[in-house]
Amino acid sequence: MIHVTKTYLPERESLQKYIDQIYASGWLTNNGALVQQLENELKEFLNVEYLILTVNGTCALQLAYKLLGLKGEIITTPFTFVATVSSLVWEGLDPVFADIDENTLNMDPANIGEKISDKTTAILPVHVFGNPCDVQTIQQIAGNHGLKVVYDAAHAFDVHLGSRNISEFGDIAAYSFHSTKIFHTIEGGAVVVRSKELYDKALLMRNFGIPGYDRITELGVNFKMNEFQAAMGLGVLHDYRQIAERRKQVSIHYTNAFISQKNLKLQHIPENVQHNYAYFPVIFSDETKLLLTKEKLNEQGIYPRRYFYPSLNELPYLKGKKQHTPVAESISRRILCLPLYYDLETAVQNKIVDIVNKYA
Ligand SMILES: Cc1ncc(COP(=O)(O)O)c(C=O)c1O
């Protein structure tokens with residue numbers, strides 16, 4: 001079976017040295033040596049000063065909201081994985097949806113202004129499928145209204161905008177390192193913050209508010225990553241450049257195959273972006289064509305995913321008046337992410353291309 005992605009597993013021997021280290025120390029969690037090593041390597045890789053690993057990406061978002069003391073309404077996108085929105089609701093925050101741009105698939109900054117109320121405390125954009133948001137305009141809007149900006153960077157590992165890593169934008173960038181992601185720690189995540197003060201606070205909040213023996217100084221819960229997760233992360237990080245290069249080739253092959261297909265639209269990635277080739281979404285002209293194509297692919301054992309469907313303004317647990325975001329609703333019904341991973345065989349990819357081109 002061919003799924004939308006396939007988790008990268010490093011060679012066993014390369015993991016073995018980390019596992020041996022865990023056995024030698026007997027230390028499995030609580031800010032262990034491997035977690036610290038991975039944090040240091042990621043800081044260098046992402047060119048940031050303060051990064052804290054967490055047990056998963058959803059907890060990274062929750063930690064970000066708590067660190068910034070967010071309250072009331074948060075302006076976000078309805079076109080994202082459900083965790084962006086469910087984490088807000090879980091933390092007692094109210095998501096207010098700004099519709100997306102139909103080309104970039106990111107929140108359209110032109111729609112943010114009308115959503116700001118006296119209850120708004122932050123903007124939570126997502127770099128959808130690794131495509132950077134319009135960070136400058138968003139920062140300007142946030143600055144004018146005294147709002148915080150948290151980027152959900154779950155898809156945007158190793159993405160650059162001009163010469164800058166995408167982690168460098170916003171008050172906080174939150175990552176997911178779930179095993180479906182291009183860089184993963186089995187389950188995992190991280191927050192990137194901008195000051196020593198927030199960094200120290202995050203360390204405490206991640207660990208029950210406990211700074212050391214017999215002291216509790218802050219409200220905290222348990223968001224800690226364990227040593228086995230970090231071992232996987234170190235193994236994957238060391239192979240990352242190879243994985244990225246291979247994904248790029250697979251992605252270029254799709255782009256070339258669909259470039260002249262008039263019935264399909266591809267996500268617009270601006271030219272000054274160094275992309276990470278994390279996903280390959282294709283947008284059909286209508287939902288019927290998408291469903292037929294999906295059925296034909298499924299018949300061949302190929303399972304693309306409807307990322308992201310349904311549009312999250314339609315979630316059943318949202319309170320208040322129903323919010324409408326027509327662009328996101330329309331795109332959600334018509335978008336399919338095709339299989340993309342480091343060792344996707346060209347023959348299989350060609351089969352996918354043929355079916356998509358035939359039924360689009
Ligand atoms: C955009 C987005 N935000 C948040 C998450 C949540 O991350 P995790 O699964 O690591 O909790 C994911 C992925 O799963 C995601 O794709």
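This is a short tutorial dialogue on reading a few features of a predicted model.

Q: Let's start at the ligand. Which residues come nearest to the ligand?
A: Happy to begin there. Of the 14 residues around the ligand, the nearest are G57, T58, F81, A154 and S176.

Q: Which helices supply at least two residues of the shell around the ligand?
A: Helix α3, residues 57-67, and helix α4, residues 82-90, each do so.

Q: How do the residues of that shell divide into nonpolar, polar and charged?
A: There are nine polar residues, four nonpolar and one charged.

Q: Back to α3 and α4: how should I read the way they pack?
A: The general idea is that a packed pair of helices is described by two quantities, the angle between the axes and the distance between them. Here α3 and α4 pack at about 45°, and their axes are 9 Å apart. That angle makes α3 oblique to α4, since angles between 35 and 65 degrees fall outside the parallel and perpendicular ranges. The crossing of the two helices is right-handed.

Q: Now helix α1. What span should its 14 residues have, and what do its end C-alpha atoms give?
A: Take 1.5 Å a residue, multiplied by one less than the number of residues. For α1, residues 12-25, the expected span is 20 Å, and the end C-alpha atoms are 20 Å apart, so the two agree.

Q: Does α1 lie largely in the open or largely buried?
A: Count the buried residues, where buried calls for 20 or more other C-beta atoms within 10 Å. In α1 the number is one of 14, so the helix lies largely in the open. Just after α1, G26 has a positive phi of about 70°.

Q: Which residues other than glycine have a positive phi?
A: L105 is one of them, with phi near 70°, and Y277 is another, with phi near 55°. L105 sits in the loop between β4 (94-97) and β5 (120-124), while Y277 belongs to the loop between β12 (273-274) and β13 (280-284).

Q: Why does L105 count as buried?
A: L105 is buried because 24 other C-beta atoms lie within 10 Å. Y277 also counts as buried, with 24 C-beta neighbours inside 10 Å.

Q: Last one: where are cis peptide bonds found?
A: Look at omega. A cis bond joins Y307 and F308, with omega about -5°, and another joins Y309 and P310, with omega about 0°. F308 is in the loop between β14 (302-303) and α9 (326-334), and P310 lies in the loop between β14 and α9 too.

Note on methods
Residues numbered from 1 in each chain as written. Predicted model: local features only at pLDDT ≥ 70, side-chain atom pairs only at ≥ 80, totals over all residues. Near = placed C-beta within 6 Å. Helix = DSSP H or I, 4+ residues; strand = E, 2+ residues; numbered from the N terminus. Nonpolar A, V, L, I, M, F, W, Y, C, P; charged D, E, K, R; others polar. Buried ≥ 20, exposed ≤ 12 C-beta atoms within 10 Å, placed from the backbone. Axes fitted to C-alpha atoms, helices over the stretch in contact; angles between N-to-C directions. Parallel < 35°, antiparallel > 145°, perpendicular 65-115°, else oblique. Left-handed = near helix turned anticlockwise from the far one by under 90°.
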